[in-house]
Amino acid sequence: ADDPGRYRDDTEVEVWEARDPLERVRRLLERSGAWDSNWQHTLEIEASNRIEAAVSWAEAIPEPTAAEMFDRMFAEPTTALTEQAKEAAGDD
């Protein structure tokens, strides 16, 4: 999708990669003894499992009907939304 090579040279990328806040925090934790590669691996597995569980949960939700989609759009539907809902339902 986005090709940063079109507007950013490799030198600039390298400079900013060294400033990556996640990498900087990881190095800080490593120096203080609060991080190691086993801990990182465990965290990545746990995060992956949570993401998979969330995706499974979301995919199990039944698809809403057209009417439900309009009902869930706003707490108070706008005039335009009400008209669109009528069109979708085939009401004139």
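The chain carries 10 positive and 23 negative charges, and the mean positions of the two sets lie 10 Å apart. The model is a predicted one. Some of the negative charge gathers at the surface: Asp9, Asp10, Glu14 and Glu17 form a negative patch. Asp10 lies in helix α1, which covers residues 10-17. The relative accessible area of Asp10 is 60%, so this residue counts as exposed.

The overall fold is helical. Five helices and zero strands make up the secondary structure. Read from the N terminus, the order of elements is α-α-α-α-α. The chain is more spread out than a compact globule, because its radius of gyration is 24 Å, well over the 12 Å that the globule rule gives for 92 residues. Along the principal axes, the C-alpha trace spans about 70 × 35 × 25 Å. Of the 92 residues, 3% count as buried. The exposed area of the chain is about 8,400 Å². Carbon and sulfur atoms supply 54% of that area.

Three salt bridges were found in a search of the whole structure. One of them pairs the side chains of Arg8 and Glu12, with an N to O distance of 3.7 Å. Both partners retain some accessibility. Arg8 is partly exposed, at 36% relative accessibility. Glu12 is also partly exposed, with a relative accessible area of 33%.

Arg26 takes part in salt bridges with two glutamates. With Glu23, the side chains meet at 2.5 Å, N to O. Arg26 and Glu23 are three residues apart in helix α2 (residues 21-31), so about one helical turn separates them. Glu23 is partly exposed, with a relative accessible area of 27%. With Glu30, the closest N and O atoms of the bridge to Arg26 are 2.8 Å apart. Here the two residues are four apart in helix α2, and the separation is again about one helical turn. Glu30 has a relative accessible area of 39% and is partly exposed. Through shared partners, the salt bridges join Glu23, Arg26 and Glu30 into one network.

Technical notes
Residues are numbered from 1 along each chain as its sequence is written. This is a predicted model: local features need pLDDT of at least 70, side-chain atom pairs count only at pLDDT 80 or more; totals for chains, interfaces and linings use all residues. Side-chain values use heavy atoms; hydrogens and water are left out. Patches are made of residues with over 30% relative accessible area and no salt bridge: like charges are joined within 9 Å, nonpolar side chains (Val, Leu, Ile, Met, Phe, Trp, Tyr) within 5 Å. Accessible areas come from the Shrake-Rupley method with a 1.4 Å probe; for residues, only the protein chains shown count as cover. A salt bridge is a side-chain nitrogen of Lys or Arg within 4 Å of a carboxyl oxygen of Asp or Glu. Lys and Arg count as positive and Asp and Glu as negative; His and the chain ends are not counted. The place of a charge is taken as NZ of Lys, CZ of Arg, CG of Asp or CD of Glu. Buried means under 20% relative accessible area, exposed over 50%, partly exposed in between (1.4 Å probe, protein chains only). The radius of gyration is taken over C-alpha atoms; the globule rule is 2.2 Å times the number of residues to the power 0.38.
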